[in-house]
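Thanks for coming. I will go through one structure today, sheet by sheet, and finish with a few single residues.

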Amino acid sequence: MDSVLRVEGLEKAYGELKAVQGLTFEVAPGEVLGLVGPNGAGKTSTLRCLAGILPPTSGRVLVAGHDLARTPVDAKRELAFLPDEPRFFEYLTVWEHLNFTARLYGVEDWEERGRALLEEMELSGKEKALPGELSRGMKQKLSIACGFLHAPKLILLDEPLTGLDPIGIRRMKASLRRRAEEGAALVLSSHLLPLVEELCHRLLVIAGGKAMALGSLDDIRARLSGAEGEHASLEELFVRITSAGTQAP
Ligand SMILES: Nc1ncnc2c1ncn2[C@@H]1O[C@H](COP(=O)(O)OP(=O)(O)OP(=O)(O)O)[C@@H](O)[C@H]1O
């Protein structure tokens, strides 16, 4: 099946600093790709380039077959980007945020979908609340409800569990899994390795903006030589791969 996301030679530089260097990968429908790497590895820069928020320095991004640089509206219609610190309109209520998002994306049955999403995100009853009246976790949930409203084929998430309580975390994991089962492709950046291990089918480990490993956890284990690699936890693999990367010339 055709991939939902295709990334070819993605580079992002801020002046002299090369934050993302030559990333090439694909994500299939129903697949969850985990983006992991140490602080400053280039995860957020990568996600912002994939979402069309930051222009890449070079490389190509295709979302559901649409070239993000050449046909940005068609590509962006198919994706949702959920940042770790979502921003809202101060004077729009929860319900008005859903309405606004629906108008932007042309979602006709938005009221029914919006109600179901508020229920799924445990925000029922908060329809009239302004963002300033929501807790951090509730804001995260509102951002996700708005992001899911137009049923995106590609969902990009930067630290999706920030600020959620244990029940919220459990529900969020189920929501993400459900979107993947329904055929969406997910790219999820997180420092929470147990979450990555639980949800992601494949991992892209980056350090210094470069891909250090790409594959399933078993593939990556198998590629690391020696008996230690075979039974290593994701945390051990992470340390080995990324410290090898940062020591490289
Ligand atoms: N707007 C910017 N201008 C200049 N440099 C930037 C900018 N944004 C990020 N960088 C630099 O690019 C590199 C990658 O940053 P990025 O935020 O993508 O990393 P990250 O992997 O998301 O890190 P973290 O895990 O700490 O969130 C870092 O060296 C950072 O200082």
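I start with the pairing of the first two strands. Strand S1, residues 5-14, is joined to S2 by 7 bridges, and the two run antiparallel. If you want a place to look, take Lys12, whose bridge partner in S2 is Val20. Please keep in mind throughout that this is a predicted model.

Those two strands belong to an open sheet of 4 strands. The order is S2-S1-S4-S5, and the pairing is antiparallel. Which strands stand at the edges? They are S2, residues 17-27, and S5, residues 66-67; each has a single partner strand, so one side of each has no neighbour in the sheet. As background, strands of a sheet pair through backbone hydrogen bonds, in either the parallel or the antiparallel sense.

Helix H1 comes next. H1 covers residues 43-51 and lies across S1, S2 and strand S4, which is residues 58-63. Relative to S1, the helix runs at about 120 degrees.

H1 also matters for the next topic, the ligand. Which elements each supply at least two residues of the shell around the ligand? The answer is S2 and H1. The largest share, 3 residues, comes from H1. The full set of residues around the ligand is Tyr14, Leu17, Ala19, Gly37, Asn39, Gly40, Ala41, Gly42, Lys43, Thr44 and Ser45. By class, this shell has 4 nonpolar, 6 polar and 1 charged residues.

Now the other sheet. An open sheet of 6 strands has the order S6-S7-S8-S3-S9-S10, and its pairing is mixed. At the edges stand S6, residues 79-82, and S10, residues 210-215; each of these has a single partner strand, so one side of each is left without a neighbour in the sheet. From one strand to the next, the twist averages 15 degrees.

I will walk through some of the pairs in that order. S7 and S8 pair in the parallel sense over 5 bridges. One of the partners to look at is Asp158, which is matched in S8 with Ser189. S3 and S8 are also parallel, over 4 bridges. Here Leu35 has Ser189 as its bridge partner in S8. So much for that side of S3. Strand S3, residues 32-36, is joined to S9, residues 202-207, by 4 bridges, again in parallel. In S9, Val205 is the bridge partner of Val36.

Is strand S8 buried or exposed? S8 spans residues 185-189, and 5 of its 5 residues are buried, so the strand is largely enclosed by the rest of the structure. Both of its faces are covered: Ala185, Val187 and Ser189 are buried on one side, and Leu186 and Leu188 on the other.

That leads to the nonpolar core. The largest core has 63 residues, and the members that touch the most other members are Ala145, Leu156, Leu186 and Val187. Its largest share, 6 residues, comes from helix H5, residues 136-148. H5 lies across S6 and strand S7, residues 154-158, and runs at about 170 degrees to S6.

Leu156 can stand as an example from this core. Which residues is Leu156 in contact with, leaving aside neighbours within four places in sequence? The contacts are Leu47, Leu50, Ala51, Leu79, Ala80, Phe81, Leu82 and Val187.

Last, the single residues. Most residues other than glycine have a negative phi. Two here have a positive value. For Glu122, phi is near 55 degrees. Glu122 sits in the loop between helix H4, residues 110-120, and H5. With 15 C-beta neighbours inside 10 Å, Glu122 counts as partly exposed.

The other is Glu159, with phi near 45 degrees. Glu159 is in the loop between S7 and helix H6, residues 166-181. Glu159 is partly exposed as well, with 19 other C-beta atoms within 10 Å. The cut-off for buried is 20 or more, so Glu159 falls in the class below it.

One distance to close. Ala28 is in the loop between S2 and S3, and Ala28 is partly exposed, with 15 C-beta neighbours inside 10 Å. How many ångströms separate the C-alpha atoms of Ala28 and Cys146? The separation is 23 Å, for two residues 118 apart along the chain.

Terms used: Residues numbered from 1 in each chain as written. Predicted model: local features only at pLDDT ≥ 70, side-chain atom pairs only at ≥ 80, totals over all residues. Core = buried A, V, L, I, M, F, W, Y, C linked by C-beta atoms within 7 Å. Buried ≥ 20, exposed ≤ 12 C-beta atoms within 10 Å, placed from the backbone. Contact = placed C-beta atoms within 7 Å. Pairing = 2+ DSSP bridges. Axes fitted to C-alpha atoms, helices over the stretch in contact; angles between N-to-C directions. Near = placed C-beta within 6 Å. Nonpolar A, V, L, I, M, F, W, Y, C, P; charged D, E, K, R; others polar.
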